[in-house]
Amino acid sequence: MKKLLTVSAIALAMMTMTAQAEVTISSQSYQKVVKKKKAKWVKAAKVVPGSVVRYINTLKNKGKETAQNLVVVNAVPEHMEYINGTAVCQSKCNVTYSVDGGKTFDKPKKLFVGKGKKRHRAKASEYTTIMWVVDKLKGGKKTVVEYKARLQ
Amino acid sequence: MKKILVMASTMLFGFMGANAAGTVAGTLVNNSATLSYTVGTVSQTAIVSNTDSFIVDNKIDLTVAHQDATIVAVTPGATVQVLTFEVTNTGNKVQDFLLTQTLNDGNPYAGETDNFDATTVQVFVDVNGNGVYDTGTDTATFIDELAPDAAVTVFIVSNIPTGQVNNDVSDHTLTAQVAVGGAAGQGAAIATDDSANADTAMGEEIVFADGDGAGATEGANDGMHADHSAYKVVSAALAVVKSSCVLSDPVNAGTNPKRIPGAIIRYEIQIANTGSAAATVVSLADAIATQYGTSAANLEVRTAACAGIDGGTNACATKAGTVETNAGTGGAGTSNVTLDYATVAAGATECGYIEVTIQ
C-alpha cells in the first residue's frame, strides 16, 4: 500500500509538472513584400512610417493535456496603430480590445475614449491592447493569434 | 518649475514620437504577448513571449515646390532676380539637402516657352527664415540639418541680360538631393538606398520613398525631388512714328496751305507702347532742322494717338486727347526741343506735336 501511494504521488507530481509547462508562446513580426507580382510575408526588417506589420503569436502545447481558456494579451507597441479587423486567430476564439492600457476589455462598439463633448467611439487606431481567448488547445498541437498594425 | 518640466517632456515626446513624417528613424519597436491558461480547472502560471523587436528604418522623402504663383516678371538688365521654392523633409530623420539648378527643363506656367538663359545663376537657402532673399545674409548653398516635417525656403537668384525683350522666358529647375545629416556642415550625398541589400531587423536601413518630381534629371525613389519656375521679361516696347502736315502759309492762310517760306508745319510724333510694362521717363529729343530755325508755338504731348493729320487728305486736323501737364522742354523759340511723354502705359499710345515755321 505504501509503495502504491508513493507511485501515485510521483505520477501526480509528474502530471502537475507537465501541465505547468505545456503551452509556450512566441511572437514574431512580419511584413509583406511583393516580388514578381507575388506577395509574401517575411520577417519585418525594412520598416518605415506607414509600413504594415503583421504580428503572429504562436501557441504550442508541448504537453499531452488539453489547455483551456487560453488568454493572450498583446499590447499594441508604441508607435504602432492597430488596423481595424485584423486581430484574428486560427482556431475558435473571442477577441476583445482595450483602450485603457489593458485594464478593461470589450467589443469595439462598447469602447469609448475622451471625456465630455470629445467622448467618441474608439477608432481602431486608438486601441491599446488586444486580447484573444482561445477555447482550447490540445496536447501536441499549436495555433496562432495575430493582428496587424501600421507604423506611425 | 512644474510647467517647465511639462514643456520639456512634451518636446522630448514630440521628438521621439510620431509626427506627420512618421516615427523617427532608429526608434526601437518592441512587441510581446502574455499567455495565461488553465489545465482542467487549474490555472497555470502566466507566461510572457519573447520580445520581437525591430528598428525603424530611415525613410527618405522630400518635396520641392515652387512658391511663385505666377511667372516671375523681370526687366532687361535687372540683377538679383529671385525665384522662390520650398524644400520639405517629409522623411523621418534629420537630413542635409544638396541643391542644384538646371536651365531649360520646363516651367509650370501655361503657354510660356523658354527662349533665353538668365545669367549668374546661384542657389541660396533662406538662412534667416524670413521668406525673402537677403543679399549677404542668405549665403548658404545647401540645407543643413532639416528636421522631419520641417521646410525651408530656397532661392534661385539670377541676372537678366540687357538684350532680352518683352515676353522672353527663362526656365529654371531646382533639384534637392538628400545628404547625410546629424552634424553641422554639408553631409555626403546619399545616392543609393538599401533596396539591394539584405534587411536587418535591428539595423537602420535607408529606404528611398520620394515621388517623381518635375525635373527631368530625377525620378521616384532616388532621394531627389525637383520643381520648376521661370522668369518672364516684362518690358515696354516702344514704336515711334513721325509725320507732318501744313497748318498754314502766308498766302493761303489755312485754306489748302502749301509748304512755302513762312508756312507753319506741324510735326506729330506718336509713341506706342506695345509691351507689357509701362515705359517711364519717356522723352523724345528733336533737333529742329536749320531750315526751320526755331520751333514755333504749341509744343505739346497729348494723351491719345496722333490725329492731327487727316489720313486721307494729309491736311492738318483736330488733335485728339488732352494736353499733358508736362509737355516738354525747350519750348517755342528754341532749336532743340524735348517732348516729355512721362509714363506711357502698356498698350497706350501718346502723341507729341511740334510746330515750326519754314525760313
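Colleague: I'm looking at chain A, and which residue's side chain does R54(A) meet in a salt bridge?

Modeller: A salt bridge here is a side-chain nitrogen of Lys or Arg within 4 Å of a carboxyl oxygen of Asp or Glu. In this structure R54(A) has E146(A) as its partner, at 2.7 Å from N to O. The two residues are 92 apart and link distant parts of the chain: R54(A) lies in strand β3 (residues 52-61) of chain A, and E146(A) in strand β11 (residues 142-151) of chain A. Strands, by the way, are DSSP runs of E, at least two residues long, numbered from the N terminus. Over all chains, the structure holds 8 salt bridges.

Before you go on: this is a predicted model, where local features need pLDDT of at least 70 and side-chain atom pairs count only at pLDDT 80 or more, while totals for chains, interfaces and linings use all residues. Residues are numbered from 1 along each chain as its sequence is written, chains are lettered from A and ligands numbered from 1 in the order in which they are written, and side-chain values use heavy atoms, with hydrogens and water left out.

Colleague: Okay, now the place where the chains touch. How many residues does each chain bring to the contact?

Modeller: Contact means heavy atoms within 4.5 Å. Chain B brings 39 residues and chain A brings 39 residues. You can also look at buried area, the accessible area (1.4 Å probe) that two parts lose on being put together, summed over both. Here that's about 2800 Å², with 55% of it on carbon and sulfur atoms. On the chain B side, N31(B), Y37(B) and F54(B) lose the most area to chain A, together 19% of what that side buries.

Colleague: And how many salt bridges or polar contacts go across?

Modeller: The rule finds 0 salt bridges across this interface. A polar contact is a pair of N or O atoms within 3.5 Å; within protein, one must be able to donate a hydrogen and the other to accept it, and residues adjacent in sequence count only if both atoms are side-chain atoms. Between chain B and chain A, 15 residue pairs are in polar contact, both residues at pLDDT 80 or more.

Colleague: Which strand of chain B gives the most residues to that side?

Modeller: That's β2(B), with 7 residues. Strand pairing joins the chains too, where two strands pair if DSSP finds at least two bridges between them. Strand β4 (residues 67-75) of chain A and β2(B) pair in the antiparallel sense over 6 bridges. Along that pairing, A67(A) stands opposite V39(B).

Colleague: How do I read a whole sheet? In what order do the 5 strands of the open, mixed sheet in chain B come?

Modeller: Follow the strands from neighbour to neighbour: β8-β16-β14-β10-β12. β8 (72-74) and β12 (142-146) of chain B have a single partner strand each, so one side of each is left without a neighbour in the sheet. β8(B) pairs with strand β16 (residues 224-233) of chain B in the parallel sense over 3 bridges, and V72(B) stands opposite Y231(B) there.

Colleague: What about the sheet of 4 strands in chain B: is its pairing parallel or antiparallel?

Modeller: Antiparallel, in the order β7-β9-β13-β11. Its edge strands are β7 (62-66) and β11 (119-125) of chain B. Strand β9 (residues 81-89) and strand β13 (residues 151-159) of chain B pair over 8 bridges, with T84(B) opposite F155(B).
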